Amino acid sequence: MEQMGIAAEAHNVKILGSGTEYIVLAHGFGTDQSVWKHFVPYLVDDYRVVLYDNMGAGTTNPDYFDFERYSSLEGYASDLLAILEELQIESCIFVGHSVSGMIGAIASISRPDLFTKLILVGASPRYLNDVDYYGGFEQEELNQLFDAMASNYKAWCCGFAPLAVGGDLDSVAVQEFSRTLFNMRPDIALVVSRTIFQSDMRQILNLVCVPCHIIQAEKDMAVPVMISEYLHQHISAESIVEVMATDGHLPQLSSPDIVIPVLLKHIHLDVEARS
């Protein structure tokens, strides 16, 4: 096991598997590294798999959550780079779900040498609608979401989890997402959700120079399906899009049978060679 440093310890870094190539798995809002549990067994024979928790996840120490640092996605990108540096990882395939897709993109702009490719799963550069841009949400809807979180976090979680996961209310995936959402400290969850939902990363997309694999669920309450095409058009690096016949924002939890083959395909696929 690599010697764990301060960043790795704070983010509960785990390194599994064998092989020379590193794959880093990064989770989205309201989850932690356990969201990848169905996927990891398919990787450990061939790769070194790095799992970590974003600061603010229920599994991290809330005392480490710096409200100012995490008021922008750059704070999370700095964390990612600190982890890679501490583990002395010189290059990796980065798989980022939801907000971590954009976190990986930001990190790759300052250190493209560290990333051989970015696999973006359900990522969005902006959630708010704008002139000539459909992000999926109006500001009024987001304000209602923040108010609901602030007034009764537990009740909000119960309503949000099935909406986000999609499909069956009593599914294991909904229970799992509810559990990781509940684990977040409510004041931290509110700040994290504001940072994500109010973010606008459209202006950085043309700075991304690492090949991108854009993976998107057909139905996703958080990210409209056309966002995948928007990313494809605006990322300056080589990119490829695949839309999966899945429902929900956490398809790796709710539809692993569909998602895992797609992710494995894109891990092995070289988009630069294709083009």
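Which residues in helix 4 meet which residues in helix 5? In this predicted model, Leu-145, Ala-148, Met-149 and Ser-151 are the residues of helix 4 that take part, and their counterparts in helix 5 are Tyr-153, Trp-156 and Phe-160. By class, the residues of this contact comprise six nonpolar and one polar, with no charged residue among them. Helix 4 spans residues 139-151 and helix 5 spans residues 153-165, and the two pack with their axes 5 Å apart at an angle of about 130 degrees. Helix 4 is therefore oblique to helix 5, since the angle falls neither in the range of 65 to 115 degrees that counts as roughly perpendicular nor over the 145 degrees beyond which a pair counts as roughly antiparallel.

The pair belongs to a protein with eleven helices and seven strands. The radius of gyration of the protein is 17 Å, which is close to the 19 Å given by the globule rule for 275 residues, so the protein is as compact as a globular protein of that length. Taken along the principal axes, the box filled by the C-alpha atoms is roughly 50 × 40 × 35 Å. Of the 275 residues, 58% count as buried, and the accessible surface of the protein comes to about 11500 Å², with carbon and sulfur atoms contributing 52% of that area. Among the contacts in the protein with a separation of 6 or more, 76% are accounted for by residues 24 or more positions apart.

Two residues that flank strand 4 in the sequence, Gln-88 and Ser-98, merit a description of their backbone and surroundings. Gln-88 is placed in the loop between helix 2 (73-86) and strand 4 (92-97), and its phi is near 55 degrees, a positive value in a residue other than glycine. Ser-98, in the loop between strand 4 and helix 3 (99-110), likewise has a positive phi, of about 55 degrees, although this residue is not a glycine. With respect to accessibility, Gln-88 has a relative value of 68% and for that reason counts as exposed, the cut-off for exposed residues being over 50%. Ser-98, by contrast, has a relative accessibility of 5% and so counts as buried, a class that is defined by a value under 20%. A positive phi is thus described here for an exposed residue in the loop before strand 4 and for a buried residue in the loop that follows strand 4.

Note on methods: Residues are numbered from 1 along each chain as its sequence is written. This is a predicted model: local features need pLDDT of at least 70, side-chain atom pairs count only at pLDDT 80 or more; totals for chains, interfaces and linings use all residues. Side-chain values use heavy atoms; hydrogens and water are left out. Axes are lines fitted to C-alpha atoms, for helices over the stretch in contact, and angles run from 0 to 180 degrees between N-to-C directions. Helices (H or I, at least four residues) and strands (E, at least two) are DSSP runs, numbered from the N terminus. Angles under 35 degrees count as roughly parallel, over 145 as roughly antiparallel, 65 to 115 as roughly perpendicular and the rest as oblique. Contact means heavy atoms within 4.5 Å. Ala, Val, Leu, Ile, Met, Phe, Trp, Tyr, Cys and Pro count as nonpolar, Asp, Glu, Lys and Arg as charged, and the others, Gly among them, as polar. The radius of gyration is taken over C-alpha atoms; the globule rule is 2.2 Å times the number of residues to the power 0.38. Buried means under 20% relative accessible area, exposed over 50%, partly exposed in between (1.4 Å probe, protein chains only). Accessible areas come from the Shrake-Rupley method with a 1.4 Å probe; for residues, only the protein chains shown count as cover.
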